[in-house]
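Here's a quick walk through one structure, with an eye on how its strands and helices fit together. Have a look at it before reading on.

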2 protein chains.
Amino acid sequence: MLAEIITIGDEILIGQIVDTNSAFISKELNKNGVQVFQITSVQDDRQHILNALQEAQNRVDLVLVTGGLGPTKDDITKQTFCEYFGDKMVENEAVADNIRYLFQKYFNKKPMDVNLHQAMVPSTARVFQNIHGTAPGMWMEKDDVVFVSMPGVPYEMKHLLVNEILPAVIDRFNRPHIYHKTLLTYGQGESMIAERIEDWAERLPDHIKLAYLPSLGRVRLRLSSKGPDENQLKSEVDALMEELSEMLKDIAVGYESETSIDRRIGELLIEKGHTLSLAESCTGGAIAQEITQHAGSSRFYRGSIVPYATELKTSILGVDADIIEKYNVVSIEVAEAMAQRATKVFQSDFAVATTGIAGPTKGDGVDEVGTVCIAIATPKGVVSEKFLFGKARERVIRKSVNKAFEMLLKEISKN
Amino acid sequence: MLAEIITIGDEILIGQIVDTNSAFISKELNKNGVQVFQITSVQDDRQHILNALQEAQNRVDLVLVTGGLGPTKDDITKQTFCEYFGDKMVENEAVADNIRYLFQKYFNKKPMDVNLHQAMVPSTARVFQNIHGTAPGMWMEKDDVVFVSMPGVPYEMKHLLVNEILPAVIDRFNRPHIYHKTLLTYGQGESMIAERIEDWAERLPDHIKLAYLPSLGRVRLRLSSKGPDENQLKSEVDALMEELSEMLKDIAVGYESETSIDRRIGELLIEKGHTLSLAESCTGGAIAQEITQHAGSSRFYRGSIVPYATELKTSILGVDADIIEKYNVVSIEVAEAMAQRATKVFQSDFAVATTGIAGPTKGDGVDEVGTVCIAIATPKGVVSEKFLFGKARERVIRKSVNKAFEMLLKEISKN
């Protein structure tokens, strides 16, 4: 069973926003056995929307539309829907009540006409209440193809999709099972890996696809399979993944699951009752930001210092000025001292420290731009490594964060 | 003149990655007067790619394709291109040389066959060297429509697009000018703003479009215009924006330019010779991460402390424990003390402090989830405000960062 996602909005086509909705929707559909055949982004324009709906109708069984439903522009989208389905607009009392309720609760006043107008929906639409906003979800059918329209605000869309629309899709369609598993590898390029596993890859059965996903120093290898029997898919793919990990055991660091590496670190720390602190110089808060984005981080994360200016490594973190003088601020010695001092200052079991030259200028470093030293202090000591991450600032920071998580996960797993 | 972007890759359609390339390409094309009509994401599949090329050919003048060119999967994409253009593959010597050069430089060895195979290109293609990777850019034409293929790795794509492909596009097509200007407003909803400016919006000339872009406590109002005379567009839109800012002066905080608010803060601080430090509790490093992502931040940013655990606000930052006891850790009094202590500890002119309950659980706070206090210490004193940002952790953090930047910019501009 195939789906298409259509996102409506000029803001996407002029590059003012990145379309994150499509990735979220695709992932959720995939988990539920719905294959996304195509994603199409179109303008807030009647004829363009009509064309996109018609083309999608010819390609797939389910069309999910997001965007175009805000109070100032939903006229175009909803009128176009009505036109496509040969329908007319009627007021939905439940939606109007919800709009009045939300205005009372959040603004303590009555909605304006333009807001109440959002309660107008095509007369044949099955309507899904949006408890987080004023634009409802709408489900329509034409020649056995299902069209669903959702608001474009990610928070509202996610809630509607997961709680209302996916259950309805599961109810309506027979779907095969889709199973993905992804192996994370570090330190070797895509082509080198491909050569190492060439024979194995050629023997893969037809219903299992292998994909290479390279990015910033790591290559992810994904196996995807589709079929009627979930358990069979899972045991087949799991067995193949075992073979693959064994072949690549020098570079494989584990499977990518729903849980990202930063989440796994948090889970492990909580499980083991350990705490973490950070001393981030060149990464400037990027590691802390990843850690604290997840609920529950306060159970293990003690805090961090970003001693961006060199002298602050001494004044705040308490790193011996002589070490900085002797080895230079970007050195494994300073990284190790930073990590060890962080465990003292924050009274944490583990600490991560970064010091480096993110570029494009050298700052207080003597090494070349892209040089980064990372240290992990553990209850048993400290480990560190020096890297050269290239010239582009954004990539240097990103690679440092990735590498720090990789080193930290390894140490937590051991300790 | 119209363009379409086609992104190729199963990883997009299963939601494993977010397509950020399209937003970058759209923005660059727009700046150069090329309107992006549609963005289409398709699978690594011969027939699907052929269909997408054919459909795009019927819609636009320029088709930009990204992805599908990695060493392990470029066969499908390039063979499909050859098939679409009725062409055959030949080896390009310059590309082969570049591949050998990159392998020598980065791996100190010879490329493998699978890498050298990336030097095979359609015989009629105009080839653009990719100095950052092994997959070249390719330019082909069919019935007056231009097709350009680029690698999907963002870093390589961006470089090729900006330095090689855009100049060629500018050379090849007559383009109108496109001019956008966006006003940032805080604190009022889309529908309320729409009502306030209704009469004005109705009088806008046909070639100027108004759009509302609401997100997380702010609404951006964008005027877009298109025409042959750049200066005329600019002066028209600028004058209209003056009117709009005047009408909305209670909620307008400035124009959005190429420069984001975090970048503007950095520029202003450098210009005035002032420094900044941060004490981020509930935002956990997110402000630091935004600040340090830009080159040159070390010229004004001294560093930050993330005192995530309550007692660290005293032990590291030196906030009086009595204040925390008396007013509670989430209070404007504690936020102000944190900001003022940060200016002392880091010897900075300005400091931002955040303390709050990002949720979903309350931690050490007594207020409801979503309560956040933000303080800005300045050379002349300290300002602070208490907010209620809703229940969703990610949104609470994001709104806190936005609000902190807004308050900080205001204070820097005054001081």
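Strand β14 (residues 301–306) of chain A pairs with strand β14 (residues 301–306) of chain B in this predicted model, antiparallel and over three bridges. Within that pairing, Ser304(A) sits opposite Val306(B).

How many residues does each chain put into the contact? Chain B brings 68 residues and chain A brings 68 residues. Sorted by class, chain B's side of it has 35 nonpolar, 23 polar and ten charged residues.

There's also an open sheet of twelve strands with mixed pairing, and its order goes β6(A)-β7(A)-β8(A)-β3(A)-β1(A)-β2(A)-β2(B)-β1(B)-β3(B)-β8(B)-β7(B)-β6(B). The edges belong to β6 (126–128) of chain A and β6 (126–128) of chain B; each has a single partner strand, so one side of each has no neighbour in the sheet. On average, neighbouring strands here are turned by 20 degrees against each other, direction ignored.

Two strand pairings, side by side:

| Strands | Sense | Bridges | Facing residues |
|---|---|---|---|
| β14(A) and β14(B) | antiparallel | three bridges | Ser304(A) and Val306(B) |
| β1(B) and β2(B) | parallel | seven bridges | Ile5(B) and Ile39(B) |

Now for a helix. With 22 residues at 1.5 Å a residue, α16 (residues 393–414) of chain A should span 32 Å, and its end C-alpha atoms are indeed 32 Å apart. Its buried residues include Val396(A), Ile397(A), Ser400(A), Val401(A), Ala404(A), Leu408(A) and Ile412(A), but also the charged-class Arg393(A), Lys399(A) and Lys403(A). What do the buried residues of α16(A) pack against? Their partners in chain A are α11 (261–272), α12 (286–292), β15 (350–356), β16 (371–378) and β17 (381–388).

Methods
Residues are numbered from 1 along each chain as its sequence is written. Chains are lettered from A and ligands numbered from 1 in the order in which they are written. This is a predicted model: local features need pLDDT of at least 70, side-chain atom pairs count only at pLDDT 80 or more; totals for chains, interfaces and linings use all residues. Two strands pair if DSSP finds at least two bridges between them. Helices (H or I, at least four residues) and strands (E, at least two) are DSSP runs, numbered from the N terminus. Axes are lines fitted to C-alpha atoms, for helices over the stretch in contact, and angles run from 0 to 180 degrees between N-to-C directions. The expected span of a helix is 1.5 Å times one less than its number of residues. A residue is buried if 20 or more other C-beta atoms lie within 10 Å of its own, exposed if 12 or fewer, and partly exposed in between; C-beta atoms are placed from the backbone. Two residues are in contact if their C-beta atoms, placed from the backbone, lie within 7 Å.
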